[in-house]
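Welcome! Here are some short exercises with worked solutions, so keep the sequence and the 3D view at hand.

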Amino acid sequence: MSNIFNRKVRFSFLLVAIIAFVIQNSTGDIHVARAADNVINAKDFGVKANSNSSQSKEIQNALKYFYDRGMEGTVYFPKGTYLVDESIRLYAGVSLNGDGMGKTIFKKTGSKSQYVVGDPILRNNSDRLDVKLSNLTIDADRANREARGESQVGGIIMEMAVSHFTLDHVEICDTTIGALLRRTRDSEITNSRFDRNNGHAIATGHESFPAGEFRNVKITNNQITNSGGGSGINLSRATYTTVTGNQIINKTHQSDGYAGIRIPNNGANNTVNNNVIENYPRGIFVLTGATGNNVYGNTVKNASLQGLLVQSDGNTFTDNEFIQTNSSLTPEAVIRLADANNNKVIGNEMTTYSGFSNIGIRVTDSNSNEIKDNITDTRGKSVSIEGGRNNVSTGNRNR
């Protein structure tokens, strides 16, 4: 009996040793053992932080580890700066996580005109990406590259149709366009920061794609600061997208004609609420073809052209607040409808500096709009309806 027991013990030890050997040596190293909980360290694949040379190839090798094995997992990048001269291409099912914004940094280097992060690699003709980027910074080094006469690039570009992509606690800074997501759906951009972008911070869609290729995306609780041009959030051809709780704030006033939030090119059925927009030429701009958008509870501060400009039909604007405290800015109207039909402008409120005398709400060449229960604040005309027909103005009052 004792011999049988001893044989069983020896066999158990042998089995454990064989399993350990297989796990450790199936790839010639210990990566499989470390990937038991589906997290690997990029440095184990030769990725070097704070090196003077590009780490693009090493980063791709680390990201391919799970993809090549048909697994989902996360590649962890410890704090440090990782130079990249070619776009990082994400792999379906493989997430990237760092030690925090400003701690783990992917920084553009070299002469190639490529975004820091480019089109992903998907599986089996599926658009499902299943990737989360979190706790890191993407730095396109735009200002320094411009000073050196080098090409300037953006942070993230995705031309392909992708779904289930999450950007969480990611900083994208010093870029042309921050994140250009043409055909992204069922995804989320949240708790992130876009700083010193010289084009749109977040941009969607394209004229070559039909409306709705970008859809059902949540853009929530982000900070967009120090823009050099473009819109904070540009919802071109976006549909059924929610934009809420974002702080879109310039320290100095932007001098072009863009808006904090802009909906052009048939963007439809989007919800824009509880955002703060400051020091843009236009706070919110809804262009021709955009319809069914619900814009409410936003705060727009110190616009130079209009707080709200509407050039489209069938949208609703309610309970937004417009604050003009900078007396050097004289928008021609705080709210303006031009060639805009069947819109509802209800319960919005204005606060302006002493002596503001431009029009509160101006409606030109527009039909069948409901202008109701708004509070204006001007020494000029409270509501001016010029041309058009069947517009209803009722319950509005001036402070």
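**Exercise 1. Find the bridge partner of Ile263 in strand 22, then describe the surroundings of strand 19.**

Step 1. In strand 22, Ile263 has Val286 as its bridge partner. Helices (H or I, at least four residues) and strands (E, at least two) are DSSP runs, numbered from the N terminus.

Step 2. Strand 22 covers residues 282–286, and its pairing with strand 19 is parallel, over four bridges. Two strands pair if DSSP finds at least two bridges between them.

Step 3. Strand 19 also pairs with strand 15 (residues 233–234), in the parallel sense over two bridges. There, Ile261 in strand 19 is the bridge partner of Ile233.

Step 4. Strand 19 spans residues 259–263, and five of the five are buried, so the rest of the structure largely encloses this strand. Buried means under 20% relative accessible area, exposed over 50%, and partly exposed in between (1.4 Å probe, protein chains only).

**Exercise 2. Work out how far the model can be trusted and describe the chain as a whole.**

Step 1. This is a predicted model, in which local features need pLDDT of at least 70 and side-chain atom pairs count only at pLDDT 80 or more, while totals for chains, interfaces and linings use all residues. Residues are numbered from 1 along each chain as its sequence is written, and side-chain values use heavy atoms, leaving out hydrogens and water.

Step 2. The pLDDT, the predictor's confidence in each residue from 0 to 100, has a mean of 92 for the chain, with 91% of residues at 70 or more. Over residues 1–36 the pLDDT is below 50, and this stretch has 18 contacts in the model beyond near neighbours in sequence. Contact means heavy atoms within 4.5 Å.

Step 3. The chain has four helices and 36 strands. Of its 399 residues, 51% are buried.

Step 4. The C-alpha atoms fill a box of roughly 100 × 55 × 35 Å along the principal axes. Among contacts with a separation of 6 or more, 65% are between residues 24 or more positions apart.

**Exercise 3. Follow strand 2: which side chains point to which face, and which strands pair with strand 2?**

Step 1. Strand 2 runs over residues 73–76. In a regular strand the side chains alternate between the two faces of the sheet. Here Gly73 and Val75 point to one face and are buried, whereas Thr74 and Tyr76 point to the other and are not.

Step 2. Strand 1 (residues 39–41) pairs with strand 2 in the parallel sense over three bridges, and Asn41 stands opposite Tyr76.

Step 3. Strand 5 (residues 94–97) pairs with strand 2 in the parallel sense over four bridges, and Asn97 stands opposite Tyr76.

Step 4. Strand 1, helix 3 (residues 56–68) and strand 2 form a right-handed β-α-β unit. Right-handed means that, with the strands pointing away from the viewer, the path from the first strand over the helix to the second runs clockwise.

**Exercise 4. Locate Val47 and list its contacts: is Val47 buried or exposed?**

Step 1. Val47 sits in the loop between strand 1 and helix 3.

Step 2. With a relative accessible area of 3%, Val47 is buried.

Step 3. Leaving aside neighbours within four places in sequence, the contacts of Val47 are with Ala42, Gln55, Glu58, Ile59, Ala62, Phe77 and Tyr82.

Step 4. Ser53 is found in the loop between strand 1 and helix 3 too, but is partly exposed at 39% relative accessible area.

**Exercise 5. Classify the aromatic pairs Tyr67–Tyr91 and Phe77–Tyr82**.

Step 1. Rings of Phe, Tyr and Trp (its six-membered ring) pair if their centres lie within 6.5 Å; planes under 30 degrees apart count as stacked, over 60 as edge-to-face and the rest as tilted. By this rule there are seven aromatic pairs.

Step 2. The ring centres of Tyr67 and Tyr91 are 5.0 Å apart with planes at 55 degrees, so this pair is tilted. Tyr67 lies in helix 3 and Tyr91 in strand 4 (residues 88–91), so the pair ties together parts 24 residues apart in sequence. Tyr67 counts as buried at 16% relative accessibility, and so does Tyr91 at 8%.

Step 3. Phe77 and Tyr82 form an edge-to-face pair, 5.6 Å centre to centre with 80 degrees between the planes. Both Phe77 and Tyr82 are buried.

Step 4. Ring pairs also link Phe45, Tyr65 and Phe66 into a cluster.
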